[in-house]
Amino acid sequence: MGEVVQMHFTTVDYVIFVLLLVASAGIGLFYAFSGGRQRTTQEFLMADRSMSCLPVSLSLLATFQSAVAILGAPSEVYTFGTQYWFLGCSYFLGLLIPAHVFIPVFYRLRLSSAYEYLELRFNKTVRICGTVTFIFQMVIYMGVVLYAPALALNAVTGFDLWGAVLAMGLVCTLYTALGGLKAVIWTDVFQTVVMFAGQLAVIVVGASQAGGITEVWRKATNGSRIAGLDLNPDPLERHTFWTLGVGGVFLMLALYGVNQAQVQRYLSSRTEKEAVMSCYVVFPCQQIVLCLGCMMGLVMFARYGEDSPLDKGYVKTNDQMVLYFVMDVFRDLPGLPGLFVACLFSGALSTISSAFNSLATVTMEDLIKPHFPNMTEARATLLSKGLALVYGLVCLAMAYIASIMGSVLQAAFSIFGMVGGPLLGLFCLGMFFPWANSIVKGTLITVHFFFPSGLAMAFWIGIGSFVMRMSGSTPVPPLNTTDLPLLENMTTTVMTTLPTGVEALYSLSYMWYSAHNSATVVVVGLIVSLLTGPMKEKELTPGTVFPVLGTLLFFLPERYREKLCCITPLAQKVISYLHSPYKMAKKDRNGAAYCKEDTVTEDKEAESDKAQTEDEDMETRIAQPSCQLAAHTVQETAL
């Protein structure tokens with residue numbers, strides 16, 4: 001084993017890296033002093049609900065295309081082959097379902113926080129549980145995303161570790177706290193372009209040095225890195241078509257369907273149609289990102305073959321292998337290493353800034369506003385900016401904690417992956433199964449039983465797998481701390497034998513975690529709801545249930561479908577909600593969430609409802625965009 005090799009940046013590389021930070025901060029400052037100057041919570045948290053399709057879609061892509069993914073995907077393909085590429089199959093349903101199910105419900109209810117839906121569907125306690133769970137997972141993940149690429153960069157190039165951490169954290173906090181969601185989205189667009197450019201440059205130069213793409217593919221084929229279609233149904237297998245293509249759907253739904261960071265971008269769109277289109281646009285972009293990551297892994301294999309820098313001792317972990325490869329390839333090309341590092345840190349910045357903004361939103365909307373309904377708009381906006389700033393400082397603190405936790409970080413990574421599934425199950429239970437209840441005979445029973453049961457199951461499997469590996473009771477390969485964007489594979493292992501009983505449960509492929517945990521919540525919730533008395537349609541908040549069962553069970557007589565609460569079209573349910581006491585009370589309490597145009601739109605909807613026009617006309621009206629400022633709402637309501 002050799003000693004760890006350090007390479008160094010040139011002046012040009014440092015200049016390119018600094019330009020990335022300056023440009024990102026500049027975009028934030030531009031939106032802080034232009035337009036409405038972030039004077040309302042509507043503008044600061046929701047970008048005035050005025051964003052077009054393209055920036056929203058690129059921001060959706062950038063949010064979870066973190067530095068961890070940029071480092072991890074090539075390393076995964078280099079080590080295990082292209083089986084990981086089949087994850088692209090999950091993008092079809094993983095983006096189509098949010099586009100046609102989750103977006104219509106969230107957008108038409110005109111929410112600011114995804115967890116407000118949980119209060120409408122179940123009750124306030126469930127909303128708070130969802131919010132606190134989301135805050136918990138994102139705070140942990142922020143520190144990891146900030147620290148991991150800086151650590152890898154420091155190990156390979158000697159780049160100052162805490163200088164990089166502080167530079168990223170402070171710049172990200174600056175433009176998020178000053179520029180709001182508009183700044184976050186437009187910096188995501190800029191950073192996405194940088195990410196594409198950096199990865200493409202590595203592939204082009206690396207393939208050229210290896211003798212061309214044809215030679216790269218030939219070497220990968222001879223080295224058994226080109227994987228075929230593996231139809232093995234065993235859920236214990238780490239990567240097969242089923243784990244990636246089917247289990248990956250649930251992972252995508254947890255990310256693009258119910259995660260606040262993504263939902264907030266949908267809700268910032270000008271119209272529901274543009275929100276849906278953003279899902280369609282992000283689909284080919286996701287495929288391109290996946291291809292770039294996999295191709296980089298193949299180019300790495302063409303250069304090093306079986307003698308990896310990790311095996312030779314040039315680097316200590318798989319995290320650092322991609323950076324070593326980049327510095328090696330660009331050894332005689334000053335500036336290009338800086339471009340890739342800019343690409344790497346763009347991924348980190350986009351993820352962290354999205355986390356800051358979404359955390360400020362859910363804290364404001366779910367935990368503060370309900371207790372201070374008469375808060376002025378100016379104070380609410382100032383407090384929102386303060387929250388973004390506080391979460392920025394918390395992120396830096398989490399980066400420091402990450403630096404001293406050592407291998408315990410793997411447990412932290414597992415926690416982030418484990419809580420996404422139960423949250424997805426909770427939303428699916430409320431949205432697809434109308435009879436799922438939360439209140440039985442005046443006592444809160446059901447949701448407070450099945451949501452914790454899903455979390456408990458998730459933590460049991462994840463932590464049990466981690467402890468079993470750490471105890472050395474199962475043979476495992478070297479852990480790769482950056483295999484996937486969400487690091488969920490920290491809780492999995494490639495098993496050389498098929499264990500039985502509880503050990504088999506611990507060996508479940510990480511790609512099934514979201515499916516398993518969400519299914520636990522749904523199944524337990526349905527059973528308990530049926531035993532304690534299912535809800536009826538008249539007891540539901542209108543617009544909170546997507547009537548998918550009405551389509552799937554079209555062959556049943558109408559009286560049976562009525563019992564399943566899947567008769568009323570979604571458009572009529574939403575119109576009923578718009579004029580419900582809850583909605584009107586919310587408008588009276590806080591003018592920050594809605595605007596005068598919303599009130600006019602609702603009046604038009606009421607008239608059309610009385611005239612019994614077609615459902616399609618109703619859907620068009622309720623998809624009208626929100627207005628630029630919210631201050632007129634209070635005046636309109638008062639009149």
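**Exercise 1. Burial of helix H15**

Task: Determine how many of the nine residues of helix H15 (residues 321–329) are buried, and why the helix counts as largely enclosed.

Solution:
- Start with the terms. Helices (H or I, at least four residues) and strands (E, at least two) are DSSP runs, numbered from the N terminus. Buried means under 20% relative accessible area, exposed over 50%, and partly exposed in between (1.4 Å probe, protein chains only).
- Count next. Nine of the nine residues of H15 are buried, so the helix is largely enclosed by the rest of the structure.
- List them: Met321, Val322, Leu323, Tyr324, Phe325, Val326, Met327, Asp328 and Val329.
- Find the cover, using contact as heavy atoms within 4.5 Å. The cover includes helix H4 (67–80), H7, H8, H13, helix H14 (309–312) and helix H16 (336–368).

A note on the input: this is a predicted model, where local features need pLDDT of at least 70, side-chain atom pairs count only at pLDDT 80 or more, and totals for chains, interfaces and linings use all residues. Residues are numbered from 1 along each chain as its sequence is written, and side-chain values use heavy atoms, with hydrogens and water left out.

**Exercise 2. The whole chain**

Task: State what share of the 639 residues counts as buried, and what share of the exposed area carbon and sulfur atoms supply.

Solution:
- Elements: the chain has 28 helices and two strands.
- Burial: 62% of the 639 residues count as buried.
- Surface: about 23500 Å² is exposed, and carbon and sulfur atoms supply 66% of it. The areas come from the Shrake-Rupley method with a 1.4 Å probe; for residues, only the protein chains shown count as cover.
- Contact range: take contacts between residues at least 6 apart in sequence. Of these, 83% join residues at least 24 apart.

**Exercise 3. Two helix packings**

Task: Classify the packing of H1 against H8, then that of H11 against H21.

Solution:
- Fix the geometry. Axes are lines fitted to C-alpha atoms, for helices over the stretch in contact, and angles run from 0 to 180 degrees between N-to-C directions. Under 35 degrees is roughly parallel, over 145 roughly antiparallel, 65 to 115 roughly perpendicular, and the rest oblique.
- Helix H1 (residues 11–32) meets helix H8 (residues 161–210) at about 70°, with axes 7 Å apart. H1 is therefore roughly perpendicular to H8.
- Look at the contact. H1 contributes residues including Leu20, Leu21, Ile27 and Tyr31, and H8 residues including Val171, Leu174, Trp186 and Phe190.
- Sort by class. Ala, Val, Leu, Ile, Met, Phe, Trp, Tyr, Cys and Pro count as nonpolar, Asp, Glu, Lys and Arg as charged, and the others, Gly among them, as polar. The H1 contact with H8 has 16 nonpolar, five polar and one charged.
- Now helix H11 (residues 247–256) and helix H21 (residues 513–532). Their angle is about 70° and their axes are 7 Å apart. H11 is therefore roughly perpendicular to H21.
- Phe250, Leu251 and Ala254 of H11 meet Ser514, Ala515 and Ser518 of H21. The classes are four nonpolar, two polar and no charged.

**Exercise 4. Aromatic rings**

Task: Find the number of aromatic pairs in the whole structure, and classify the pair Tyr147 and Trp162.

Solution:
- Rings of Phe, Tyr and Trp (its six-membered ring) pair if their centres lie within 6.5 Å; planes under 30 degrees apart are stacked, over 60 edge-to-face, and the rest tilted.
- The search finds 19 pairs.
- Tyr147 and Trp162 have ring centres 5.9 Å apart and planes at 35°, so the pair is tilted.
- Tyr147 lies in H7 and Trp162 in H8, so the pair ties together parts 15 residues apart in sequence.
- Compare burial. Tyr147 is buried at 7% relative accessible area, whereas Trp162 is partly exposed at 31%.
- One cluster joins Phe102, Phe106, Tyr115, Tyr117, Phe134, Phe427 and Phe432.

**Exercise 5. Single residues**

Task: Describe the backbone and burial of Ala47 and Arg49, then the setting of Gln137 and Glu274.

Solution:
- Ala47 is not a glycine, yet its phi is positive, about 55°. The residue sits in the loop between helix H2 (41–46) and helix H3 (53–63). At 0% relative accessibility, Ala47 is buried.
- Arg49 is not a glycine either, and has a positive phi of about 50°. Arg49 lies in the loop between H2 and H3. Its 4% relative accessibility counts as buried.
- Gln137 is in helix H7 (residues 124–157) and is buried at 4%. Gln137 and Gly420 are 283 residues apart in sequence, but 8.5 Å apart in space, C-alpha to C-alpha.
- Glu274 is in helix H13 (residues 272–304) and is buried at 18%. Beyond neighbours within four places in sequence, Glu274 contacts Met51, Ser52, Cys53 and Ser269.
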